[in-house]
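User: I would like to check the reasoning behind some labels used for this model. Please set each value against its cut-off.

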Amino acid sequence: MTDVLLTHSYHLPNDAKQWRKMQPYPPLGTLYAATALRDAGISVAVFDSTFAAPISGFAEMLQKHEPRIVVIYEDDFNFVTKMCLLHMRELANQLSMMAHAKGIIVVAHGSDATDHPVEYLCNGVDYVLNGEAEQTLTDLCTALLQTSKPDSIAGLVCYAANEKVLRHAAPSPRNPSWINLPRAARDLIDMEPYQKAWIEKHGFFSTNVVSSRGCPYQCNWCAKPISGDKFNIRAPEDVAAEIRELRDVYGVEHIWFGDDVFALNRHWVEAFANAAESHGKIVPFKIQSRADLMSETTVAALKRAGCSEIWMGVESGSQKILDAMSKGLRVSAIYAARERLARASIRACYFLQFGYPGEGWNEICETVRLVRETRPDDIGVSLSYPLPGTVFFNRVKARLGQKRNWSDSDDLCTIFTATYTDEFYHALRDALHAEVSEWHAPPNPSRASELLWRHVIEIEPVSTNPNLLSISDDTFSETPATAFMPIELLVRTGGV
């Protein structure tokens, strides 16, 4: 018998886009929770649903371990988890009902459970954990295993006894001591399927590490239900030692840092580079960061440490839209970062976001111009996605439809009434992706992007949302743009 069985609700085959990409990473947040429990003397097992058949596999683990508590603990370091996808909620509900049917206490934690606790408490979950929950989870499980009442534990959401009234134990905790936990308990899962998937698809083995948690920036579309604006970072020597261990013990050849924002502190980056160099063979890695953090000294330190690729939250080439997002970023910083990264031979990749309120054709063309003039090595295109707790969500609340969450990571629907229809945004995404891909294709590429761009231009006049002008909004002025960029400027005909 095991005290606690931990699991999560991400099953890779349920997400067609991520299955095609085949870049799977272990659920670090779940494994850190397991580390915290084990460090407190609580016996733990983990059912990793990433590759395993989620229903039959979970049933087998219930039978094998006979846990007293089941914890559905989502990976807070996984950007897909933060999107609060419906297929994950549905699987979480199935798992919780299976455990509930056996009389097992069920606990849930994650962005979606924080935003929608009733969805979980009505489907077999006894307790929802808010905030940075390793300590909360440890306190709760300790109390439950000792048959104590956990009423006074901060961050706990549950129904009052014999009532359908939610009880919130406030405030949601922040856990700076996370940085002092032992390393994520990778020994509790099978790393072999991850290694096999990476090698078969990409020819090398990549895995994930986190050096920090949280983000202090105030982008008003970014949901932060777990860490809020708090930021905590591990010792650079410890992070470098973990990478060395992954290299030597697991044969890892590449690292993905799951931090929300890497390189926030240039002194930390320099110390990390020194520590990484002291361990011999450098392991290349990629990160998420911001263009305005890419100073000359930081880029040089990142290069020494092994950074080969940086995904920057560029979002838009329009200063108007960046300001509306409270991004705190100047377009000029993007140009400067791209140039510095190119000189250092570090791949510069952009996260782009279309559909934000106030964005019309002119602002879209500004983003296309930015991409063409800076030529990133890769891009990721998304649509503005209003999540509860954000300023953005509150601004567009009156425009939301019945659907509030994407089904999977490739759903790419606007959810709210945006300037254009989803069909237009999909065409825009396809054209921009195709053009960027052609830049890096072998000589004489297909030039398919030209046809895709012509399609974008053809449908733009008839793709403005017919309901847009009937919506009153004092925050944004959103009349559809009438000015077209000449086709010879929008459609690349050689050179930029």
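Analyst: The answers below concern a predicted model.

User: Why is Asn93 called buried?

Analyst: Asn93 has a relative accessibility of 13%, and buried means under 20%, so Asn93 counts as buried. Asn93 sits in helix H5, residues 86-101. Beyond its neighbours within four places in sequence, Asn93 is in contact with Glu119, Tyr120 and Asn123. Other buried residues of H5 include His87, Met88, Arg89 and Leu91.

User: What makes the span of H5 close to the expected one?

Analyst: H5 has 16 residues and reaches 23 Å from its first C-alpha to its last. The expected span is 1.5 Å times one less than the number of residues, which for H5 comes to 22 Å. Just after H5, Gly103 takes a positive phi of about 80°.

User: How do you know that Cys307 forms no disulfide?

Analyst: The closest cysteine sulfur to that of Cys307 is in Cys349, 9.8 Å away. A disulfide requires two cysteine sulfur atoms within 2.5 Å, so the sulfur of Cys307 is too far for a bond. Cys307 is also buried, because its relative accessibility is 2% and the limit is under 20%.

User: What is the disulfide count by this rule, and where does Cys215 stand?

Analyst: The count is zero disulfides. For Cys215, the nearest cysteine sulfur is that of Cys222, at 6.2 Å, and Cys215 is in no disulfide. Cys215 counts as buried because its relative accessibility is 15%, against a limit of under 20%.

User: What makes E12 a mostly covered strand?

Analyst: Five of the five residues of E12, residues 285-289, are buried. Phe285, Ile287 and Ser289 lie on one side, Lys286 and Gln288 on the other, and both faces are covered.

User: How do you know that E12 pairs with E11 and with E13?

Analyst: Pairing takes at least two bridges. E11, residues 254-257, and E12 are joined by two bridges in the parallel sense, so the requirement is met. One of the partnerships is that of Trp256 with Lys286 in E12. From E11 the chain passes through helix H11, residues 266-278, to E12 in a right-handed β-α-β crossover. E12 and E13, residues 307-315, pair in the parallel sense over five bridges. The partner of Phe285 in E13 is Cys307. With helix H12, residues 296-305, between them in the unit, E12 and E13 make a right-handed β-α-β arrangement.

User: Why is Glu66 called partly exposed, whereas Glu315 is called buried?

Analyst: Glu66 has a relative accessible area of 48%. Partly exposed covers the range between the 20% limit for buried and the 50% limit for exposed, so Glu66 is partly exposed. Glu315 has a relative accessible area of 6%, and under 20% means buried. Glu66 lies in the loop between helix H3 and strand E3, while Glu315 is in strand E13. Glu66 has a positive phi of about 45° although it is not a glycine. For Glu315, also not a glycine, phi is near 70°.

User: Which residues touch the most other members of the largest nonpolar core?

Analyst: They are Leu6, Leu137, Phe257, Phe272, Met294 and Met312, in a core of 133 residues. Helix H17, residues 422-439, gives this core its largest share, eight residues. Leu6 touches, among others, Ala33, Leu37, Val71 and Leu137.

How values were computed. Residues are numbered from 1 along each chain as its sequence is written. This is a predicted model: local features need pLDDT of at least 70, side-chain atom pairs count only at pLDDT 80 or more; totals for chains, interfaces and linings use all residues. Side-chain values use heavy atoms; hydrogens and water are left out. Buried means under 20% relative accessible area, exposed over 50%, partly exposed in between (1.4 Å probe, protein chains only). Helices (H or I, at least four residues) and strands (E, at least two) are DSSP runs, numbered from the N terminus. A crossover is right-handed if, with the strands pointing away from the viewer, the path from the first strand over the helix to the second runs clockwise. Contact means heavy atoms within 4.5 Å. A nonpolar core is a set of buried Ala, Val, Leu, Ile, Met, Phe, Trp, Tyr and Cys residues joined through side-chain atoms within 4.5 Å.
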